[in-house]
Amino acid sequence: MKNSFFTLLIFSLVFSSCNNDDDSEITTIRVNHFKDTTFVSFLGTPSTTIAIQSGDEIGGDIFYPSSVYIEGFEYELGFVHDLRVLITKIENPPADGSGTETSLLNVLSKTPVPQETQFKVRLTLNRQDGEFINWVNTEGANYNFANSEIAIDCGTLCTELVTKIENQEQITGVFIHGEGNQYILQEILNE
């Protein structure tokens, strides 16, 4: 058993040093328990994205929105994911795309957050150029985030939410996790 452990350790060290050349890097990242909103300017569309920490940022309070697609990773709301990934540089990246590819090597941990954990997500934004960006789709009694599978349960705050969007107010929602891909709105902040 001891020999197996040392063999595996040596193999891991050799493998990571072999892949740590100018074209690729093995690293650890942490993915937050909720998706945040983002605006993809070259597409002109509001959407949601994962937020990550890497390097010395892991364990801190700030997560950064990421447009990185992690091949082989299945994200689940309500869990903090620690991942070991391989980042490979692309020789001739497309003009409107990333210069790297990220692939999941393994999931180091998947930790649930308590359901009562509150988090903030921007719902609308008034840009300096006068453009109003709205991340909330309202279809009858159904609410969800634009270009996303995440539903919004706004409960008694639905009328206030719709009014603020119609008035083009800049707002952020305070949420907790619901069942599956659902955020439960707790409070609306004017920000």
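**Exercise 1. The nonpolar cores**

Which residues of the largest nonpolar core touch the most other members? Identify them in this predicted model, then place the core among the secondary-structure elements.

*Solution.* Step 1: the largest nonpolar core has 22 residues, and those touching the most other members are F145, L161, F175 and Y183.

Step 2: two or more residues of this core come from each of β9 (119-122), β13 (142-145), α2 (158-166), β15 and β16.

Step 3: another core, of eight residues, lies apart from the largest one; I29, V31, I50 and I52 are among its members.

Step 4: take F145 and set aside its neighbours within four places in sequence. Its contacts then include V121, W135, I150 and I152, together with F175 and Y183. The polar residues T37, T48 and N137 are also among the contacts of F145.

**Exercise 2. The confidence of the model**

Determine where the prediction has its lowest and its highest confidence.

*Solution.* Step 1: the average pLDDT of the chain is 85, and 84% of the residues score at least 70.

Step 2: the lowest confidence falls in helix α1 (residues 2-19), with a mean of 37, whereas strand β15 (residues 171-177) has the highest, at 98.

Step 3: the pLDDT is below 50 over residues 1-20, a stretch with seven contacts in the model beyond near neighbours in sequence.

Step 4: predicted coordinates should not be read in detail where pLDDT is low.

**Exercise 3. An open sheet**

Establish the order of the strands in the six-stranded open sheet and describe the pairings of β7 within it.

*Solution.* Step 1: the order is β5-β4-β1-β7-β8-β6, with mixed pairing.

Step 2: β5 (64-65) and β6 (70-71) are the edge strands, each of which pairs on one side only.

Step 3: β7 (residues 79-89) runs antiparallel to β1 (residues 24-31), and eight bridges join the two. Within this pairing, T27 has V85 of β7 as its bridge partner.

Step 4: β7 is also joined to β8 (residues 100-112) by 11 bridges, again in antiparallel fashion. Here I87 stands opposite T102 of β8.

Step 5: β1 is joined to β4 (residues 51-54) by three bridges, and these strands run antiparallel. V31 has I52 of β4 as its bridge partner. V31 and I52 are also both among the members of the eight-residue core.

**Exercise 4. Buried or partly exposed?**

Classify K35, G178 and E187 by relative accessibility, and list contacts for each of them.

*Solution.* Step 1: K35 is located in the loop between β1 and β2 (36-40). Its relative accessibility is 17%; because buried means under 20%, K35 counts as buried. Beyond four places in sequence, the contacts of K35 include I50, Y75, L77, E149 and Y183.

Step 2: G178 is located in the loop between β15 and β16. G178 has 16% relative accessibility and therefore also counts as buried. Not counting residues up to four places away in sequence, G178 touches Q115, Y183 and I184. G178 and G78 are 100 residues apart along the chain, with 8.8 Å between their C-alpha atoms.

Step 3: E187 belongs to strand β16 (residues 182-190). At 42% relative accessibility, E187 counts as partly exposed. Residues up to four places away aside, E187 touches L157, T172, G173 and V174. The C-alpha atoms of E187 and F175 are 7.2 Å apart, with the two residues 12 apart in sequence.

Terms used
Residues numbered from 1 in each chain as written. Predicted model: local features only at pLDDT ≥ 70, side-chain atom pairs only at ≥ 80, totals over all residues. Heavy atoms only, no water. pLDDT = per-residue confidence, 0-100. Helix = DSSP H or I, 4+ residues; strand = E, 2+ residues; numbered from the N terminus. Contact = heavy atoms within 4.5 Å. Pairing = 2+ DSSP bridges. Buried < 20%, exposed > 50% of the residue type's maximum accessible area, 1.4 Å probe, protein only. Core = buried A, V, L, I, M, F, W, Y, C linked by side-chain atoms within 4.5 Å.
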